[in-house]
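Student: I should like a close look at a single part of this structure, with the strand pairing treated together with the aromatic contacts around that part. Please take me through the arrangement in one connected account.

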Amino acid sequence: MKRTVLRTLAPVILLLSTCLLAQSFPQDKLPSYVTRLIDYGQRAEWSLDGKKVMFLTRAGGDVMEIDIQTKQISPVTLHYERPKDWGYYRALYLSNGDYLLTGGPSRHEACLQIMDRHRTKPPKVFKDVIVGEGPAVSRKKLTIAFTGPKQQQIWLADIVYRHGEPFLARGRLLIDNHKVVVDGIKYEGMIEPQNFRPPDDKELIWTQYGTTESGIFTAEVMGYDLETGEIINYSKAPNQYDEAEGIFPDGESTLVECDHHHPKGNAFIDLYRLKLDGTGQDYRRLTFFSDVPGFRASNPVVSDDGRYIAFQESAADSPPGTGSGIYLFDLVKAGLEKTQ
């Protein structure tokens, strides 16, 4: 093994040993349809074939994949040398199997990057595209949506390849938060793209953040029609935290990080399923991690066959997006989906 790889592995090994000593969510509180996949890591992402889950070792760490059947872990970003102060903050699959990454010296200085699916060379770094939070990626075509470092605008771009090298093309501004007015409400908080709504990818699901008069951080699930420009508020709960996360493959509902059971902000979130019918009424709570003091569940994603949710355990007082273990939620065993 190359010295550079060994050197890069060192913090990962240290992280693993640290996480093994950390307190985990109690196993006796888990229903039979929820199982722990791995006891460290964060920001899970399903492979296109549904056989692997990609994840970050930590914020600013490395990217790994785990086979959900064999539990074998393989590195995604350890085959090359990168600047010593750089780490990764997001990792997503493009529709052609290549990787879309965000990485840099800090979470809010992360550049957009595209890496070949064969992992034979370093990613191409778009140094002029600084991504404030997670980009949204179409699972059907090479289209992405992303927001800048201040999270006030959402942009749309296509990825094109010339002689095997990726480029960003046809970039256009979708949403300017200074102009967002929905149902007579003027929104001014940060915004973040989340998913292209299947099955036709004609709508972008995104999150509009805000703050109540008492200072509690809130979030609303929004939709932007890519053809008409119409914006719809799907959650309709301005005093509640509803952050859009993984979307179901039929496009009828989405997962949200939600504090409906205890509306005190994102320290108390669990996973809910919200029907995207525009009423804001059809909620179903799926996890109960925040019923155990000190824990919450977050960052869920749905496999493309609709069978599984991958999500993370996190400490209630940890920064947003921080995870300390990844779990699988079997929707069929839970009786929420028909047998595949």
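Tutor: In this predicted model, strand β24 (residues 295–302) pairs with β25 in the antiparallel sense, over six bridges. One contact of this pairing involves F295, whose bridge partner in β25 is A315. The two strands β24 and β25 form a hairpin with five residues between them. Within that turn, G306 has a positive phi of about 75 degrees.

Strand β25 (residues 308–315) is itself mostly covered, with seven of its eight residues buried. Besides its pairing with β24, strand β25 is joined to β26 by five bridges, and β25 and β26 run antiparallel. Here I309 stands opposite F329 of β26.

The aromatic side chains come next. The count of aromatic pairs comes to twelve. One of them joins Y33 and F329: the ring centres are 5.0 Å apart and the planes stand at 55 degrees, so the pair is tilted, since this angle falls neither under 30 degrees nor over 60. Y33 lies in the loop between α1 (3–21) and β1 (34–38), whereas F329 belongs to strand β26 (residues 326–330), so the pair ties together parts that are 296 residues apart in sequence. As for accessibility, Y33 is partly exposed, with a relative accessible area of 23%. F329 has 1% relative accessibility and therefore counts as buried, the limit being 20%. F329 is thus the residue that faces I309 across the β25 and β26 pairing and also the ring partner of Y33.

A further cluster of rings includes F295, the residue paired with A315. Ring pairs link F295 with F25, F289, F311 and Y327 into this cluster.

Another aromatic pair, that of Y272 and Y283, is edge-to-face, with 6.1 Å centre to centre and 85 degrees between the planes. Y272 sits in strand β22 (residues 270–275) and Y283 in strand β23 (residues 283–285), eleven residues apart, and the pair links distant parts of the chain. Y272 is buried, its relative accessible area being 4%.

Charged side chains also meet rings in this model. R273 lies over the face of F248, at 3.6 Å from the ring centre. K124 lies over the face of F167, likewise at 3.6 Å from the ring centre.

To return to the part requested, β25 has antiparallel pairings with β24 and with β26, and seven of the eight residues of β25 are buried.

Note on methods
Residues are numbered from 1 along each chain as its sequence is written. This is a predicted model: local features need pLDDT of at least 70, side-chain atom pairs count only at pLDDT 80 or more; totals for chains, interfaces and linings use all residues. Side-chain values use heavy atoms; hydrogens and water are left out. Rings of Phe, Tyr and Trp (its six-membered ring) pair if their centres lie within 6.5 Å; planes under 30 degrees apart count as stacked, over 60 as edge-to-face and the rest as tilted. Helices (H or I, at least four residues) and strands (E, at least two) are DSSP runs, numbered from the N terminus. Buried means under 20% relative accessible area, exposed over 50%, partly exposed in between (1.4 Å probe, protein chains only). A charge sits over a ring if NZ of Lys or CZ of Arg is within 6 Å of the ring centre and within 35 degrees of the ring normal. Two strands pair if DSSP finds at least two bridges between them.
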